[in-house]
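Here is a quick walk through one structure, written for someone who would rather look at side chains than read tables. Have the viewer open and follow along.

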Amino acid sequence: MSSSSKEPLKVGIAGLGTVGVGVIKIMETHNAMLTARGGRTIEISAVSARDRGRERGVDLAPYAWCDNPVELASRDDVDLIIELIGGSDGPAYALAKETLSRGKSFVTANKALIACHGKELAGLAEASGASLRYEAAVAGGIPVIKALAEGLVGNDVSGLYGILNGTCNYILTRMEREGLDFAEVLEDAQRLGYAEADPTFDIDGIDTAHKTAILAALAFGTAPDMDNLPTEGIRNIAPVDIDYAKELGYRIKLLGVARRTDDGIETRVHPAMVSLSAPLAKVMDAINAVVINGDFVGQTVYEGAGAGEGPTASSVVADIIDIARGNTYAPLGIPVSDLQELPAIPAEKHLGTYYIRLRVEDRPGVMADITSVLAEKNVSIKSMLQRGKCDDGGVYIVLTTHETVEACIAKTLNHFTNLECVLETPTMLRIEA
Ligand code: NDP
Ligand code: HSE
C-alpha cells in the first residue's frame with residue numbers, strides 16, 4: 001500500500017521549548033522523507049504551550065492552539081500526543097493519563113514522568129492498546145532505549161553504566177579544560193538548552209537517576225524504581241579533585257550504574273573516578289555514552305549527543321515514525337503483569353575502590369593518626385600522596401584504596417571527620433572503571 005493511501009497520523013504537540021521546536025523543525029524539513037519512512041503522512045494538527053505570544057523561531061500559524069495541553073488528548077484531529085513539557089507530575093502526567101486512557105498513543109522525552117509513573121502509564125497503554133514511547137528520555141539523541149528493547153532483546157543483561165547527563169558532563173569538561181568555576185559553566189549549559197527547567201535536577205544527579213531507573217527497568221524486566229537509587233551529584237566536585245584525578249590517571253564523570261547480581265539489583269548515581277584509558281573518560285562536553293553488558297553480545301558502547309534541540313528531537317521523531325509504522329511493543333519491554341520484583345542491594349554493600357581527600361594539619365603524627373584509622377577499619381591503601389600547603393591552611397592527603405565494602409568506607413570517613421587533625425569534611429569518590 002502506498003503512503004498516500006493510508007490515513008495520515010495526526011499529531012498534537014504539548015510543549016514548544018527547546019525540544020518541541022526541534023521536533024517541528026525536523027517534521028517540516030523532512031516531511032516527504034518521514035512520510036516515506038513512516039508509510040503514511042504525518043501531520044501536526046494542534047500545539048500547546050504556556051505563552052501563545054512567545055516568538056519560537058517556527059511558524060505556528062498552520063496549527064490549532066490549545067491553552068490547556070490536556071485538551072489536546074480529546075481532539076478528534078489528534079491520534080498521537082507528543083509531550084515535551086517536562087516534570088513528573090502536573091500537566092505532563094495529567095496529559096499522559098488522559099491520552100493513554102483514550103487509547104491514543106503517547107510519545108515523550110520526559111524521563112521524570114517515566115521514572116516516577118512508568119509502570120502505571122505502561123499499564124494504561126496496555127489496557128487501551130495505545131503505544132507509549134520515550135526514546136528521547138534517556139541519553140538524548142542516542143537510540144539506547146531501542147538498543148535495550150529491541151537490538152539486545154536476545155541477551156540477558158548483567159549491567160550497564162553511563163554518562164547520562166549532558167549538562168554535568170559539559171560542566172565537568174569545561175571546569176577541567178578551562179579552570180572555570182561551576183556557576184559560570186552552568187549558565188552556558190542553560191543557554192545552550194541542555195539543562196532542565198530546574199537545573200538542580202541535573203547537578204544533583206536526579207536527572208541521571210531518572211534515566212538510570214528507566215534503563216535498569218528495561219534491562220532487568222522490572223518497573224522503574226526511584227526509591228532504591230542512592231543519588232549524588234557534582235555540586236561538591238572541587239577543582240582540586242579534578243587535578244588529583246588527572247595526576248592519578250583518572251577523570252571525574254557523573255555516572256549512572258545498574259547491575260544485577262544473584263542478590264538483586266544495584267542502582268546508583270554518583271560522580272566517579274574513571275580511568276583515563278576507559279572509553280567513558282574520553283566522552284566530553286554534552287556527549288553521553290552508555291556501556292551495556294549482555295550475555296551473548298558481550299559489551300556494547302553507545303555514544304552521541306545527550307542533550308540539545310536537534311539530538312533530542314531526532315529521538316522523538318524516531319518514536320513518531322515507529323508508531324506510524326505500527327512498530328509497537330509493551331512500553332517497558334515486557335507486559336506489566338510479567339515485571340519482576342527483584343530485591344534492591346543497599347549502597348552499603350557495594351564492593352569497590354575509593355579515592356579519599358583529606359585536608360589535615362601539617363604537624364608530626366598526623367599521618368600516623370590517619371593510617372591507624374584505616375588499619376582499624378580494615379581499609380587497605382593502594383596509593384597515598386601528600387602535597388604542600390593548601391591556600392586555606394593545612395595540607396592535603398590523598399589516598400586510593402584496594403577493594404572495600406562501602407559500609408567500611410562510610411565508617412572510616414566518619415572517624416576521620418572526628419579527628420582533631422582533620423580540618424574539613426573528607427571528600428570521597430568511587431573509582432569505577
Ligand atoms: P523547555 O523548558 O525548553 O520547554 C518546555 C515547554 O513546555 C515550553 O514550551 C513551555 O511553554 C511548556 N510548558 C511548561 N509548562 C506548561 C504548562 N503548564 N502548560 C503548557 N505548556 C507548558 O523544555 P525542553 O524542551 O528542554 O524539555 C522538554 C522535555 O524534554 C523535558 O521533559 C525534558 O526533560 C526533556 N528533555 C530535554 C532535553 C534537552 O536537551 N533540552 C533532552 C532530553 C529530554 P512556554 O514556552 O510558553 O513557556
Ligand atoms: N538536562 C538533560 C541533560 C537533558 O543535561 O542531559 C537531556 O536529558
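## Helix α13

Which residues of α13 are buried? Keep in mind that this is a predicted model. The buried ones in α13 are Glu 406, Ile 409, Thr 412, Leu 413 and Phe 416. They sit on the same side of α13, because they cover an arc of only 115° around the axis. Turn to the other side of α13 and you'll find Lys 411 and Asn 418 exposed.

As for its dimensions, α13 runs over residues 406–418, 13 residues in total. From the first C-alpha to the last it reaches 19 Å, close to the 18 Å expected at 1.5 Å a residue.

## Around ligand 1

Now on to the first of the ligands. Ligand 1 is surrounded by 24 residues, and the closest are Asp 51, Arg 54, Arg 56, Glu 196 and Gly 308. Sorted by class, that shell holds 10 nonpolar, eight polar and six charged residues.

Some polar contacts are worth picking out. Arg 56 has a polar side-chain atom 2.7 Å from an oxygen atom of ligand 1, and a polar side-chain atom of Arg 50 lies 3.0 Å from an oxygen atom of this ligand. Gly 308 uses its backbone instead: a polar backbone atom there is 2.6 Å from an oxygen atom of ligand 1. How much of ligand 1 does the protein cover? On its own the ligand has 900 Å² of accessible area, and the protein covers 86% of that.

## Around ligand 2

Ligand 2 has 13 residues around it, the closest being Lys 111, Gly 166, Thr 167, Tyr 194 and Lys 211. By class, this shell comes out as four nonpolar, four polar and five charged residues.

Which atom of ligand 2 does the Glu 196 side chain approach? It's a nitrogen atom, with a polar side-chain atom of Glu 196 lying 2.7 Å away. Recall that Glu 196 is also listed among the closest residues to ligand 1. Oxygen atoms of ligand 2 come into play too: one is 2.7 Å from a polar backbone atom of Gly 166, and an N or O atom in the side chain of Lys 211 is 2.7 Å from an oxygen atom of the ligand. The protein covers 94% of the 250 Å² of accessible area that ligand 2 has on its own. The elements giving two or more residues to this shell are α6 (166–178) and α9 (206–220).

How values were computed
Residues are numbered from 1 along each chain as its sequence is written. Chains are lettered from A and ligands numbered from 1 in the order in which they are written. This is a predicted model: local features need pLDDT of at least 70, side-chain atom pairs count only at pLDDT 80 or more; totals for chains, interfaces and linings use all residues. Side-chain values use heavy atoms; hydrogens and water are left out. A residue is near a molecule or strand if one of its heavy atoms lies within 4 Å of it. A polar contact is a pair of N or O atoms within 3.5 Å; within protein, one must be able to donate a hydrogen and the other to accept it, and residues adjacent in sequence count only if both atoms are side-chain atoms. Accessible areas come from the Shrake-Rupley method with a 1.4 Å probe; for residues, only the protein chains shown count as cover. Ala, Val, Leu, Ile, Met, Phe, Trp, Tyr, Cys and Pro count as nonpolar, Asp, Glu, Lys and Arg as charged, and the others, Gly among them, as polar. Helices (H or I, at least four residues) and strands (E, at least two) are DSSP runs, numbered from the N terminus. The expected span of a helix is 1.5 Å times one less than its number of residues. Buried means under 20% relative accessible area, exposed over 50%, partly exposed in between (1.4 Å probe, protein chains only). The arc is that of the directions from the helix axis to the C-beta atoms.
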